[in-house]
Structures are given as C-alpha cells and as structure tokens.
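User: I would like to learn how to read a fold from its strands and helices. Can we work through one case together?

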Amino acid sequence: MRTVRVNASRAYDVVIGEGLLSEAGERISSVSACKKAVIVSDDNVFAIYGRALIESLEKRGISCTRFVFPHGEMSKNLSVYGELLEYMCQMRLTRQDAVVALGGGVTGDLAGFAASTYQRGTGFIQLPTSLLAAVDSSVGGKTALDLNGGKNQVGSFYQPMLVLCDLNTLKTLPSDEYTNGCAEVIKYAMIGSEEMFNRLDETPVSAQYEDIIGECVAMKRDYVEKDERDTGVRAFLNFGHSFGHSFELLSGYSIPHGRAVAMGMAAIARAAVRLGVCEGEALDRLIALLDKYSLPVRADFDPKDVARACLSDKKAAQDGIRLIVPERIGTCRVQKVPSDEIIVWAEAGLKS
Ligand SMILES: NC(=O)c1ccc[n+]([C@@H]2O[C@H](COP(=O)([O-])OP(=O)(O)OC[C@H]3O[C@@H](n4cnc5c(N)ncnc54)[C@H](O)[C@@H]3O)[C@@H](O)[C@H]2O)c1
Ligand SMILES: [Zn+2]
C-alpha cells in the first residue's frame, strides 16, 4: 500500500494498493461527513465492482444510490451529464454529500464535471479501475465532456477529496485497455525517469503495478503542484500528445488514445533525432519498448494534415504550438514551434 499526497488547491491523498474497495467506506468517512453518495459507474465496471463498493459505504452509514451509464467515450456528453445532474437533484444530494466515480477515465471525467457544477460543487471521490485512470485521469483535477465539435471541449478544474486505486480491480481490465494505459506509463518514463524506463523494459507494468502507478502519480503530482491550471510545466505531460491527438482526429477516433500517443511519441522522437535534438539511441530504445508492449510506432498520415490538425488542438496558441521534444530517455524539453514550422516537424516525424 502506498499513499501520494497531492498539495493542489485542495490537498488530498491518492492511495494505491490491494483491497481498497472494501475499505472505501472507512476511508471516505475520514475525509467527508457525507450521509449520501451517488455512485457513478459504467455498466461494465458497475456489474463487477458496484456491489462491493455499496456494501463498504453502507457499513459506514453512507446511503448509496447509483447512476450507471453505457460504457465508452460516447457517454461523455452533455446529455448523459444532464441526466446525471437531474438524478443527483432527485436524490436530494447536498453539497455535504459525495459523488463517487467508480471506473475508467470516462467515468471520472463525467462524474467530476457533474460534481464540480452541481450546487457549485459537491464532494467528489475517485476510484479509478483502468490503468489510464490510475496513472493519469484520476489525479490532477481535470474534468471534461465532449462536444460534437471536439473532445474535452467543456470542463473544469476540480480536485477530488480522495483517490482510491484498488489494484485488484485491474485484474479484470481488458488487455487492449491495459495496452493503452501502458502508453501513458511509457510517457512518464520518457519525460522523467530513465531508471523507470529500464524497469519497464525488464518487467511488465502488470507485474509491478503498485510501484509504477505510485511513481507515475508522484510525477503527475509534481507537475500539478507547480502548475495546476496547465499554463506552464504541466505541458510536459503532453509528450506524444500533439501528434497523438492529430492521429486520433484524422482517424475519426478509430485509433484509441493510448495507441495514438504511442505513435505520437515515436513520431516526435524520430523528428527530434532527424532535427538534431535527440540522441539516435534514445529513439531506438523507445521504439523497441513500445513494440514490446504491442504499441504501434508508425503513423501513416500526410504530414500536411497532421500539421493542420496540430494547430486545431485546444492547446495550440495563435502563433504556434509548444512541442514536448525528447533529448534522451528521461529528459524532454519544450520547443516553441511557430505555426509555419510545424510541417517541418511533422515531415521529419512521419517520413520513413
Ligand atoms: N481528466 C484527465 O486528466 C484525463 C487524462 C487522460 C484521459 N482522460 C480521459 O479518460 C478517458 C479514457 O479513459 P479510459 O481509457 O479509462 O476509458 P474508459 O473509462 O472508457 O474505460 C475503458 C474501458 O474499460 C472498461 N473498464 C474500466 N475498468 C475496468 C475494469 N477494472 N474491469 C473491466 N473493465 C473495465 C470500461 O468499461 C471501458 O469499456 C477519455 O475520455 C480521456 O479523455 C482524462
Ligand atoms: Zn493521454
């Protein structure tokens, strides 16, 4: 069991270990005086873990109701959000009560945005059950919904009161979802730890969940504490994402996020080597590690389309973008790239 304390605008613990689902009632009671909880979960996850969570909360006198929605990104929209708010209101949830997100990143983003806006903010607890949610979306306070016009276009910064990551839940994660989560883990190693990179190479993530998730959360915590609202150093977490988001967009979202990030990391590293910023050996090692985790390393898109898509990203500024560029394993730098030069990076990253 390990605990990472996050000193953001609201301070909270991220607890990582086995068996936390059955301790949830006790642990939530220690940070919240809630009498009621609305458990938000998708149909897959609720079917497996819903009952255990409700039992644990009710043992502590927290009365539970549930809002279960169809799994998948398609549910992260205004209409499901509206239904959730109406449900919370019907249940007469108050600001002292809590919304408990049990699931992956979709659940956390939807529940978090509802918690942040219902009565201008009610209690919010995260129980991440996917690897991606454990290492990324459950920590740091970003919440979001998709609009027809784009992913994550509505949202808020709203820190949870507690994050409980029960490693036992990862045992039922589908292997495709595991692979996607591993791309984000490799991202952390690339931006901050060659030593972790070496360990990922020697031992699969799934055989060292507690250590790896703990280290990724601690790294994310450090960025969030310095730059909660993402105007500076938090941008490092975007490594592989500028190109990655373009690949998702250009594929009509048929390429899953983790795989797109893997392709994005390989492309930016390839460009960095060709443009003389990164050691060639680092690229070879990154490609070999992505390959070991069954992640794709090639993207078959027109560099012009990729450059255009990069500029449409919500992180792009009027005068260009800030690319996170590797120098070697464990070290990246921010490269300001003017709009008309993105094509140079896209071509260098995509040509064979
Ligand atoms: N807020 C943030 O900082 C942040 C960061 C990164 C990603 N995100 C968001 O996270 C979302 C992606 O998250 P995700 O990959 O977890 O997707 P997800 O929540 O859709 O989960 C993926 C799939 O795995 C299933 N699943 C989850 N846990 C399971 C378990 N333990 N056992 C069996 N099945 C399980 C789900 O039902 C779903 O079908 C995206 O919407 C993305 O925008 C947010
Ligand atoms: Zn990501």
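The dialogue below goes from the whole chain to its sheet and then to a helix pair.

User: What kind of model is this, and how many helices and strands are in the protein chain?

Analyst: The model is predicted. The protein chain has 13 helices and 11 strands. Its radius of gyration is 20 Å, close to the 20 Å of the globule rule for 352 residues, so the chain is as compact as a globular protein of that length. The C-alpha trace spans about 60 × 40 × 35 Å along its principal axes.

User: What percentage of the residues count as buried?

Analyst: Of the 352 residues, 49% count as buried. Contacts add to that picture. Take those with a separation of 6 or more: 74% come from residues 24 or more positions apart.

User: How do I read the sheet? In what order do the seven strands lie?

Analyst: Start with the general idea. Strands of a sheet pair through backbone hydrogen bonds, either parallel or antiparallel. Here the order is β1-β2-β9-β6-β5-β3-β4. The sheet is open, and its pairing is mixed. The edge strands, β1 (2-7) and β4 (63-69), each pair on one side only. Neighbouring strands are turned by 20° against each other on average, direction ignored.

User: Do β5 and β6 run parallel or antiparallel, and how many bridges join them?

Analyst: Strands β5 (residues 98-103) and β6 (residues 123-128) run parallel, joined by six bridges. One register point is Ala 101, whose bridge partner in β6 is Gln 126.

User: Which helices pack on the sheet?

Analyst: Helix α4 (residues 105-117) is one of them, touching β3 (36-42), β5 and β6. Its direction makes about 170° with that of β5. Helix α8 (residues 209-226) also packs on the sheet, touching β1, β2 (11-17) and β9 (162-166). The direction of α8 makes about 10° with that of β1.

User: What unit do β3, α2 and β4 make?

Analyst: β3, helix α2 (residues 43-59) and β4 make a right-handed β-α-β unit. The two strands pair in the parallel sense over seven bridges. Ser 41 has Val 68 in β4 as its bridge partner.

User: How do I describe helix against helix? At what angle do α6 and α10 cross?

Analyst: Two packed helices are described by the angle between their axes and the distance between the axes. The axes of α6 (residues 175-192) and α10 (residues 257-274) come within 7 Å and cross at roughly 35°. The crossing is left-handed.

User: Which residues of α6 and α10 meet?

Analyst: From α6, they include Thr 179, Ala 183, Lys 187 and Met 190. From α10, they include His 257, Val 261, Ala 262 and Met 265.

Methods
Residues numbered from 1 in each chain as written. Chains lettered and ligands numbered in written order. Predicted model: local features only at pLDDT ≥ 70, side-chain atom pairs only at ≥ 80, totals over all residues. Helix = DSSP H or I, 4+ residues; strand = E, 2+ residues; numbered from the N terminus. Rg over C-alpha atoms; globule rule 2.2 N^0.38 Å. Buried ≥ 20, exposed ≤ 12 C-beta atoms within 10 Å, placed from the backbone. Contact = placed C-beta atoms within 7 Å. Pairing = 2+ DSSP bridges. Axes fitted to C-alpha atoms, helices over the stretch in contact; angles between N-to-C directions. Right-handed = clockwise from strand over helix to strand, strands pointing away. Left-handed = near helix turned anticlockwise from the far one by under 90°.
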